[in-house]
Amino acid sequence: MRWRSLNGERRTVTNAIRLGDNAIARGQWDLALRHYGRANHHAVRVAQAGEGDQDQAVLGSIFYNLAELHVQTGEASMAWLCALQACQVYGRLDPTNARPTAVRSSLVGPSHFALPTSPPAEERIALNADARSRYVLLSAGMVRTFGSQALRVDVGGGALDGITDAPEVIERIGEPAVHTYQELVRHSTVYTEADVTRTRQRLTKARSIIGA
């Protein structure tokens, strides 16, 4: 793919996201889904070109927003799948590999001085933690809707980290996300206790949904 055509793809993604966001602002969920679906199609092509982490981050944000749009339109399984895909994309960008104990070293190491085409390390860490906590909440919703075996269905490559038991998802995926934000609050000037609270509230809601 040539540079000029790659930039054209990026402009298409940006325009589709803008139209999607406008539809969201008007509460037109189906229209927003169509625009974001188009953005996703082109963003995948851009990300596959491998020009920079920023393109991957854009793709992750599209999957993240698609998950919420599918929640709004009542498509639980599609919401869960998009949340899973967001985690997979953000996971490749996260220098800590979702390990709270690695936050400090990732921020003070070379990755803190990211290239302009790459999101800062703290942002990449936070995006993954946020996406994973949201995946936990949507996983609980899947179990509530489809039963305790819902996460065992091999959709899109299987459940995140191969964990298919809902309580285990909360403990092994959700709790580390909370701890990651706690570490970001300690070692970064960007994030606050509000981020920790938001993430913990998702886990509390997930536990309530599955009765854990």
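## Backbone angles in two loops

D161 counts as partly exposed in this predicted model, because its relative accessibility of 48% falls in the range between buried and exposed. The residue is found in the loop between α6 and α7, and its phi is near 60°, which is a positive value in a residue other than glycine.

A98 also has a positive phi, near 65°, and A98 too is a residue other than glycine. This alanine lies in the loop between α4 and α5, where α5 covers residues 103-108. With a relative accessible area of 18%, A98 is buried, because the limit for that word is under 20%.

## Aromatic pairs

A pair of aromatic rings is described by the distance of the centres and the angle of the planes. A search of the whole structure finds two aromatic pairs. In one of them, the ring centres of W80 and Y135 are 5.8 Å apart and the planes meet at 35°, so the pair is tilted. W80 belongs to helix α4 (residues 76-93) and Y135 to helix α6 (residues 121-146), and the pair thus links distant parts of the chain, 55 residues apart. Both W80 and Y135 are buried.

The rings of Y181 and Y191 form an edge-to-face pair, with 6.0 Å from centre to centre and 70° between the planes. Since Y181 lies in helix α7 (residues 166-187) and Y191 in the loop between α7 and α8 (193-210), this pair ties together parts that are 10 residues apart in sequence. Y181 and Y191 are both buried.

## Charges over rings

Y181 also has a charged partner, for the charged end of R198 sits over the Y181 ring, 5.4 Å from its centre. Elsewhere, R134 lies over the face of Y64, and here the distance to the ring centre is 4.2 Å.

## Cysteines without a disulfide

How many disulfides does the count come to? The count comes to zero disulfides, and the two cysteines C82 and C87 show how this can be read from the atoms. C82 is in no disulfide, and the nearest cysteine sulfur, that of C87, is 11 Å away. Seen from the other side, the closest cysteine sulfur to that of C87 is the one in C82, and 11 Å is too far for a bond, because a disulfide needs two cysteine sulfur atoms within 2.5 Å.

C82 is buried, with a relative accessible area of 4%, and C87 is likewise buried, with a relative accessible area of 2%.

Notes: Residues numbered from 1 in each chain as written. Predicted model: local features only at pLDDT ≥ 70, side-chain atom pairs only at ≥ 80, totals over all residues. Heavy atoms only, no water. Phe/Tyr/Trp six-rings, centres within 6.5 Å; stacked < 30°, edge-to-face > 60°. Helix = DSSP H or I, 4+ residues; strand = E, 2+ residues; numbered from the N terminus. Buried < 20%, exposed > 50% of the residue type's maximum accessible area, 1.4 Å probe, protein only. Lys NZ or Arg CZ within 6 Å of the ring centre and 35° of its normal.
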